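Let's take a walk through this structure together. Have a look at the picture first, then read on.

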Amino acid sequence: MVFRQGTAIAYIPVLIGAVSCILLARFGLFGFLCFLPLGVMAAGYGFRAAWVCLILAAAGNGLWSVVTAAVSRASWDWALWGAAQFALIAAAFTWIMAPSFRDADEPPGKMPPVRIPGVYRFVIASCAAVLLFIPVIASLRQDTAFAAFIRAQTEALAALYSAAAGADVVEKSLMEQYLTPEFIRETLFFTALRGGVMASFMLFFFINRQIALALVWIFRRIRGGGTLAGFHIPQVFIWVLSFSLLAILAGRKWGITPLEIAAWNGLVICGILYLAQGGGIAAYFIGRANLPPFMRLALNFLLVMLIISPGINAILLGALVLLGIAENWAPFRVPKIKGPSSTPGM
């Protein structure tokens, strides 16, 4: 069926998207792209297609979970929880991509619905996904199989470092003190709760969104979303950043762990958003430079190589975050006005 906005949905692409979503989620190699079909439906076919695809994918994944649990005699609780978790996180991503009916879908004379800006949708969806993942973290702390896996990996690392350290007494002492299964497991949980899971979901949503927009542009010539060079975040986030820093200090001083965890996650959210804003400033100036296309491509490639280079990437990422923060006071991306001033005497 041919898609026409406001009248019908493209049933064949929706069905293909739902099946692709389930297969990607079930096979680990490309599991990080499991929401890509939902993004393609939203950007290329519209609100209705995206949400119908979500319903079909959630139902199919739930059926798969039930059948798998019945065949393998696994725990029904975790099978149902996994299916529900998949459906809710997929719904959060679909909301990022397709928050409401498009303007053409609105009846004549009716005001379009109030839409939450994309930055806020992105943050809210990421926070919801983190909250849904907390029970998984809590269960892993009590999981003996996970503890055995960490112990096996720690022993392998310890053997590797022992061979590399040789007779160095200091390195062996540090290894015995810090390279223990208990220390590594607690460090993993500490990092996960204090922004690690949040950063992972934000990156996960971002990758699926950007690849979906790129595919829709390549195959359907539909350009959706804004460019990185035009990305701005509301100034309210500078207050979120400031209060997060203060809350981290207060939580550590008075031992209020929930406050500290929430503040760390707020700090990570602001850091990632300001990193994107700093990258947008860099992309803006590269785009404005009077350079041939090859030089622009080379500069963008060099920027990517610097970001993924160990050591340099920390400095560069930190500089981009600071650049994004500085735009709250210095409007770097104000276009220059050519010609005489409109103000007399100026």
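The lining of the second largest pocket splits into 13 nonpolar residues, seven polar ones and one charged one. For that sorting, Ala, Val, Leu, Ile, Met, Phe, Trp, Tyr, Cys and Pro count as nonpolar, Asp, Glu, Lys and Arg as charged, and the others, Gly among them, as polar. Keep in mind that this is a predicted model, where local features need pLDDT of at least 70 and side-chain atom pairs count only at pLDDT 80 or more, while totals for chains, interfaces and linings use all residues. Residues are numbered from 1 along each chain as its sequence is written, and side-chain values use heavy atoms, with hydrogens and water left out.

So what surrounds this pocket? It has 21 lining residues, and Ala-25, Asn-61, Gly-82, Gln-85 and Phe-86 lie nearest its centre. Its volume is about 440 Å³. A pocket here is an open set of points on a 1 Å grid over the protein atoms alone, places where a 1.4 Å probe fits, with protein on both sides within 12 Å along at least five of seven lines; lining residues have an atom within 4 Å of a point. Grid points are joined across faces, edges and corners, and the volume is the space filled by probe spheres set on the points.

Which helices supply at least two residues each to that lining? They are H1 (11-26), H3 (47-72), H4 (76-97) and H8 (181-220). H4 gives the most, with seven residues. Helices (H or I, at least four residues) and strands (E, at least two) are DSSP runs, numbered from the N terminus.

Stepping back to the whole chain, there are 12 helices and zero strands. Of its 346 residues, 33% count as buried; buried means under 20% relative accessible area, exposed over 50%, and partly exposed in between (1.4 Å probe, protein chains only). Take the contacts between residues at least 6 apart in sequence, and 74% of them join residues at least 24 apart. Contact means heavy atoms within 4.5 Å.

Now for the charged pairs. Side chains of opposite charge can pair when their charged atoms come close. A salt bridge is counted when a side-chain nitrogen of Lys or Arg is within 4 Å of a carboxyl oxygen of Asp or Glu, and the count by this rule comes to three. Here they are:

| Salt bridge | Closest N and O atoms |
|---|---|
| Arg-194 and Glu-260 | 3.5 Å |
| Arg-252 and Glu-260 | 3.3 Å |
| Arg-333 and Glu-327 | 2.6 Å |

Arg-194, Arg-252 and Glu-260 are linked in a network. Arg-194 sits in helix H8 and Glu-260 in helix H10 (residues 257-288), so this pair links distant parts of the chain, 66 residues apart. Both Arg-194 and Glu-260 are buried, whereas Arg-252 counts as exposed at 55% relative accessibility. In the remaining table row, Glu-327 is buried with a relative accessible area of 10%, and Arg-333 is buried too, at 9%.

Val-268 is also found in helix H10. Not counting residues up to four places away in sequence, Val-268 touches Arg-194, Gly-195, Met-198 and Ala-199. Its C-alpha is 9.3 Å from that of Ser-244, and the two are 24 residues apart in sequence.

Helix H8 is home to Met-202 as well. Is Met-202 buried or exposed? It is buried, with a relative accessible area of 1%. Leaving aside neighbours within four places in sequence, Met-202 is in contact with Phe-122, Ser-126, Ile-269, Ile-272 and Leu-273. Met-202 and Val-130 are 72 residues apart in sequence, with 9.7 Å between their C-alpha atoms.

Over in helix H5 (residues 118-142) you'll find Arg-121, which counts as buried at 11% relative accessibility. With neighbours within four places in sequence set aside, Arg-121 is in contact with Trp-95, Ile-96, Pro-99 and Ile-116.

Last, the cysteines. How many disulfides does the structure hold? Zero, where a disulfide is a pair of cysteine sulfur atoms within 2.5 Å. The sulfur of Cys-34 is 5.8 Å from the closest cysteine sulfur, in Cys-21, which is too far for a bond. Cys-53 is in no disulfide either, as the nearest cysteine sulfur, that of Cys-21, is 6.2 Å away. Cys-34 is buried at 7% relative accessible area, and Cys-53 is buried at 0%.
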